[in-house]
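Here is a short note for someone opening this structure for the first time. The points are numbered so that each can be followed with the model in view.

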Amino acid sequence: MGETGIGWAVKQMQNGSKVRRSGWNGKGMFIVLMPRLQLPAFNAQGPGAKVNDRTAKHIGEGQALDSQPYVAMWTSQGQWQPGWVCSQADLLALDWEIAQ
């Protein structure tokens, strides 16, 4: 089957898959690549998605959102954790697999 290291895992995420390590203890955990997100400002006119009030509080009501791609983890507690960063063990591991 070949090695399934971090490079393989990143490629799978770039192709839209969820990945995990078979060595992770937490049940149901996986990571995904969240794509770039661009939204018009909170006070923009017209229908459709736009910056929400929680984000506008920090960036300003007249500021559009340009969120760059990032990796997020679905935790064993059933919560999203944005900005996941791999450990040394994750970086060197060869047990990455597709999560269902």
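**Side-chain contacts, point by point**

1. Asp66 has a relative accessibility of 41%, so Asp66 counts as partly exposed. The model is a predicted one. Arg36, with a relative accessible area of 44%, is partly exposed.

2. Asp66 and Arg36 form a salt bridge in which the closest N and O atoms are 2.9 Å apart. Asp66 lies in strand β4 (residues 65–67), while Arg36 lies in the loop between β2 and β3 (37–39), so this salt bridge ties together parts that are 30 residues apart in sequence.

3. How many salt bridges does a search of the whole structure find? The search finds four. One of them joins the side chains of Glu97 and Arg20, at 2.7 Å from N to O. Glu97 belongs to strand β7 (residues 96–98) and Arg20 to strand β1, so the pair ties together parts that are 77 residues apart in sequence.

4. Are Glu97 and Arg20 buried or partly exposed? Glu97 counts as partly exposed, at 26% relative accessibility. Arg20 is partly exposed too, and its relative accessible area is 29%.

5. Arg21 and Asp90 form a salt bridge, with 2.9 Å between the closest N and O atoms. This pair links distant parts of the chain, since Arg21 is in strand β1 and Asp90 is in helix α3, 69 residues apart. Arg21 counts as buried at 15% relative accessibility, because buried means under 20%. Asp90 is buried as well, and its relative accessible area is 8%.

6. Which residues are joined into one network by salt bridges that share partners? They are Arg21, Asp90 and Asp95.

7. Turning to the rings, the structure holds six aromatic pairs. Among them is the pair of Trp24 and Trp84, which is edge-to-face: the distance is 6.1 Å centre to centre, and there are 70 degrees between the planes. Trp24 lies in the loop between β1 (19–21) and β2 (30–34), and Trp84 lies in the loop between β6 (80–82) and α3 (88–92), so the pair ties together parts that are 60 residues apart in sequence. Both of these residues, Trp24 and Trp84, are buried.

8. The rings of Phe30 and Trp74 form a pair whose centres are 6.4 Å apart. Why does this pair count as stacked? The planes are at 20 degrees, and planes under 30 degrees apart count as stacked, so the pair of Phe30 and Trp74 is stacked. Phe30 lies in strand β2 and Trp74 in strand β5 (residues 70–74), so the two rings tie together parts that are 44 residues apart in sequence.

9. For the accessibility of this ring pair, Phe30 counts as buried at 11%. Trp74, with a relative accessible area of 27%, is partly exposed.

10. Phe30 has a further contact to inspect: the charged end of Lys18 sits over the ring of Phe30, 4.8 Å from the ring centre.

11. Which residues do ring pairs link into a cluster? Trp24, Trp84 and Trp96 make up that cluster.

Terms used. Residues are numbered from 1 along each chain as its sequence is written. This is a predicted model: local features need pLDDT of at least 70, side-chain atom pairs count only at pLDDT 80 or more; totals for chains, interfaces and linings use all residues. Side-chain values use heavy atoms; hydrogens and water are left out. Rings of Phe, Tyr and Trp (its six-membered ring) pair if their centres lie within 6.5 Å; planes under 30 degrees apart count as stacked, over 60 as edge-to-face and the rest as tilted. Helices (H or I, at least four residues) and strands (E, at least two) are DSSP runs, numbered from the N terminus. Buried means under 20% relative accessible area, exposed over 50%, partly exposed in between (1.4 Å probe, protein chains only). A charge sits over a ring if NZ of Lys or CZ of Arg is within 6 Å of the ring centre and within 35 degrees of the ring normal.
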